[in-house]
Amino acid sequence: STFIESMPYIDGDGKPGHYTGHVDRIGQPTGRGKMKYISGSKFDGVWHEGTKLHGKTSKKRNPKPQLSRQNTAPTPPPPPPPPPPPLLPAKKLPGSRRKTRHDG
């Protein structure tokens with residue numbers, strides 16, 4: 001068998017994660033290995049042809065407690081509003097004429 005680290009894998013229950021351990025010639029977990037699931041739980045045990053045989057599953061640990069508002073950094077001010085659109089040149093009204101030197 002071959003040893004591989006952090007191979008993306010979906011177990012027999014359809015749960016995705018990363019497998020580290022021994023694999024057979026077609027890349028299925030076989031022998032001792034560990035699976036770190038996307039959910040945060042872990043399995044450490046023995047596999048055979050991609051199936052968990054026996055081992056220990058540990059659930060995701062509780063996240064660290066949130067800090068109170070007093071202990072956090074102050075919230076930065078909101079970004080300034082966008083600049084106003086540029087002014088467009090005045091439109092010439094229909095029927096109006098601009099005087100030129102040739103007009104008289």
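Student: What makes the five strands β1-β2-β3-β4-β5 a sheet?

Tutor: Pairing. Two strands pair if DSSP finds at least two bridges between them. Here the five strands form an open sheet in the order β1-β2-β3-β4-β5, with antiparallel pairing. This is a predicted model, in which local features need pLDDT of at least 70, side-chain atom pairs count only at pLDDT 80 or more, and totals for chains, interfaces and linings use all residues. Residues are numbered from 1 along each chain as its sequence is written, and side-chain values use heavy atoms, leaving out hydrogens and water.

Student: What is a strand here?

Tutor: A DSSP run of E with at least two residues, numbered from the N terminus.

Student: Why are β1 and β5 called edge strands?

Tutor: Each pairs on one side only. β1 covers 2–10, and β5 covers 51–58.

Student: How do you know that β2 and β3 pair?

Tutor: Count the bridges. Residues 16–23 (β2) and 29–37 (β3) share six bridges, in the antiparallel sense. The cut-off is at least two bridges, so they pair. One example: Thr20 has Lys34 in β3 as its bridge partner.

Student: What links β2 and β3?

Tutor: A hairpin turn, with five residues between the strands. Gly27 in that turn has a positive phi of about 85°.

Student: How do you know that β3 and β4 pair?

Tutor: The test is again the bridge count. β3 and β4 (residues 42–48) pair over six bridges, in the antiparallel sense. Lys36 has Lys42 in β4 as its bridge partner. These strands form a hairpin too, with four residues between them, and Gly40 in the turn has a positive phi of about 110°.

Student: Why is Ser41 called buried?

Tutor: Buried means under 20% relative accessible area; exposed is over 50%, and partly exposed lies in between (1.4 Å probe, protein chains only). Ser41 has 13%, so it is buried. Ser41 sits in the loop between β3 and β4.

Student: What makes the link between Ser41 and Ser39 a polar contact?

Tutor: A polar contact is a pair of N or O atoms within 3.5 Å; within protein, one must be able to donate a hydrogen and the other to accept it, and residues adjacent in sequence count only if both atoms are side-chain atoms. The side chains of Ser41 and Ser39 are joined at 3.3 Å, so the distance fits.

Student: Which residues make up the largest nonpolar core?

Tutor: Eight: Met7, Tyr9, Tyr19, Val23, Met35, Tyr37, Phe43 and Trp47. A nonpolar core is a set of buried Ala, Val, Leu, Ile, Met, Phe, Trp, Tyr and Cys residues joined through side-chain atoms within 4.5 Å.
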